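Biologist: Could you walk me through this fold, one question at a time?

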Amino acid sequence: MKIIFAFLLILGSVSASLSQEAVILYGNKGNVNSVTFSPHSKTIVSGDEKGNLIFWDVSTGSKIYSLETKNNITSVNYSHADLALLIYTSYNGEVTIMKADSREIIKNFSKKDNSYYAVFSPDGKQFAVAFTREPTEKDKDKGIRINYF
């Protein structure tokens, strides 16, 4: 038996009543760890623990396309400066920047630590990534590190 997970999406404006009926999107194959709107609010991207990125049409609730990566997706975010750029992170330390419309990988790199979250700066010229690991004895007072590029 194949189990398909879903996440809930409430369509409407922030000022509208939240009592409206939720739209349920089916298709992710694991727990959804991250979801983001495109800057133009026409697309939603969901990333799950099985490594699936699904691009959804907000107006219809239908799947536009999906990408299967090899690793647990921990975060997904668009650049608001370059509307086509998307950044996503994986639990194994991979960080990927891609053009969402063409699916072209612009940059991919990895660290030995787990990457949990990445976000572009408002001008789109930099991005920050939160990597986690247990601090070594030498670093225990420093805490978890954040890298920015």
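What follows is a chat about the strands, the rings and the charges.

Modeller: Before you start, keep in mind that this is a predicted model.

Biologist: Fine. Which strands sit at the edges of the open sheet of 4 strands?

Modeller: That sheet runs in the order S3-S4-S5-S6, and the pairing is antiparallel. An edge strand pairs on one side only, and that picks out residues 32–37 and 63–68. So the edge strands are S3 and S6.

Biologist: How much does that sheet twist, on average, from one strand to the next?

Modeller: In this open sheet the order is S3-S4-S5-S6. Going from one strand to the next, the twist averages 15°.

Biologist: Which residue in S6 stands opposite Leu-53?

Modeller: S5 covers residues 52–57, and 5 bridges join S5 to S6 in an antiparallel run. Leu-53 has its opposite number in S6, and that residue is Leu-67.

Biologist: Now charges. Why does the salt bridge of Lys-29 and Glu-68 tie together separate parts of the chain?

Modeller: The count of salt bridges comes to 1, and Lys-29 and Glu-68 meet in a salt bridge at 3.6 Å, N to O. Lys-29 lies in the loop between S2 (23–28) and S3, while Glu-68 belongs to strand S6, so the parts tied together are apart in sequence by 39 residues.

Biologist: Is Glu-68 buried or exposed?

Modeller: Its partner Lys-29 has a relative accessible area of 31%, which makes Lys-29 partly exposed. For Glu-68 the relative accessible area is 63%. The cut-off for exposed is over 50%, so Glu-68 is exposed.

Biologist: And which residue lies over the face of Tyr-65?

Modeller: Here the thing to look at is a position over a ring. At 3.6 Å from the ring centre of Tyr-65, the residue lying over the face is Arg-103.

Biologist: On to S8. How many of its residues are buried?

Modeller: Leu-85, Ile-87 and Thr-89 point one way from S8, and Leu-86, Tyr-88 and Ser-90 point the other way. All of these are buried. That leaves S8 mostly covered, with the buried count at 6 of its 6 residues.

Biologist: What is the bridge partner of Asn-77 in S8?

Modeller: S7 (residues 73–78) and S8 run antiparallel and are joined by 5 bridges. A hairpin connects S7 to S8 through 6 residues. In S8, Asn-77 has as its bridge partner Ile-87.

Biologist: Which residue in the turn between S8 and S9 has a positive phi?

Modeller: S8 and S9 pair in the antiparallel sense over 5 bridges, and one bridge pairing is Leu-86 with Met-98 in S9. The two strands form a hairpin with 3 residues between them. In that turn, the residue with a positive phi, about 100°, is Gly-93.

Biologist: Which residues does Glu-104 touch, leaving aside those up to four places away in sequence?

Modeller: Glu-104 lies in the loop between S9 and strand S10 (105–110) and counts as partly exposed at 42% relative accessibility. Its C-alpha atom is separated by 9.7 Å from that of Leu-85, 19 residues apart along the chain. The residues Glu-104 touches are Ile-97, Met-98 and Lys-99.

Biologist: Let's finish with rings. What kind of aromatic pair do Tyr-91 and Tyr-116 form?

Modeller: The model has 4 aromatic pairs by count. For Tyr-91 and Tyr-116, the figures are 5.7 Å centre to centre and 80° between the planes. Planes over 60 degrees apart count as edge-to-face, so this pair is edge-to-face.

Biologist: How many residues apart in sequence are the parts that this pair ties together?

Modeller: Tyr-91 is in the loop between S8 (85–90) and S9 (94–99), and Tyr-116 is in S11 (residues 114–120). Tyr-91 is partly exposed at 37% relative accessibility, and Tyr-116 is partly exposed at 33%. The pair ties together parts that are apart in sequence by 25 residues.

Biologist: Which residues make up the cluster linked by ring pairs?

Modeller: Start from Phe-120 and Phe-127, an edge-to-face pair with centres 6.3 Å apart and planes at 70°. Phe-120 is buried at 10% relative accessibility, and Phe-127 is buried at 10% too. Ring pairs link the cluster of Phe-109, Phe-120 and Phe-127.

Notes:
Residues numbered from 1 in each chain as written. Predicted model: local features only at pLDDT ≥ 70, side-chain atom pairs only at ≥ 80, totals over all residues. Heavy atoms only, no water. Phe/Tyr/Trp six-rings, centres within 6.5 Å; stacked < 30°, edge-to-face > 60°. Buried < 20%, exposed > 50% of the residue type's maximum accessible area, 1.4 Å probe, protein only. Lys NZ or Arg CZ within 6 Å of the ring centre and 35° of its normal. Contact = heavy atoms within 4.5 Å. Pairing = 2+ DSSP bridges. Axes fitted to C-alpha atoms, helices over the stretch in contact; angles between N-to-C directions. Salt bridge = Lys/Arg side-chain N within 4 Å of Asp/Glu carboxyl O.
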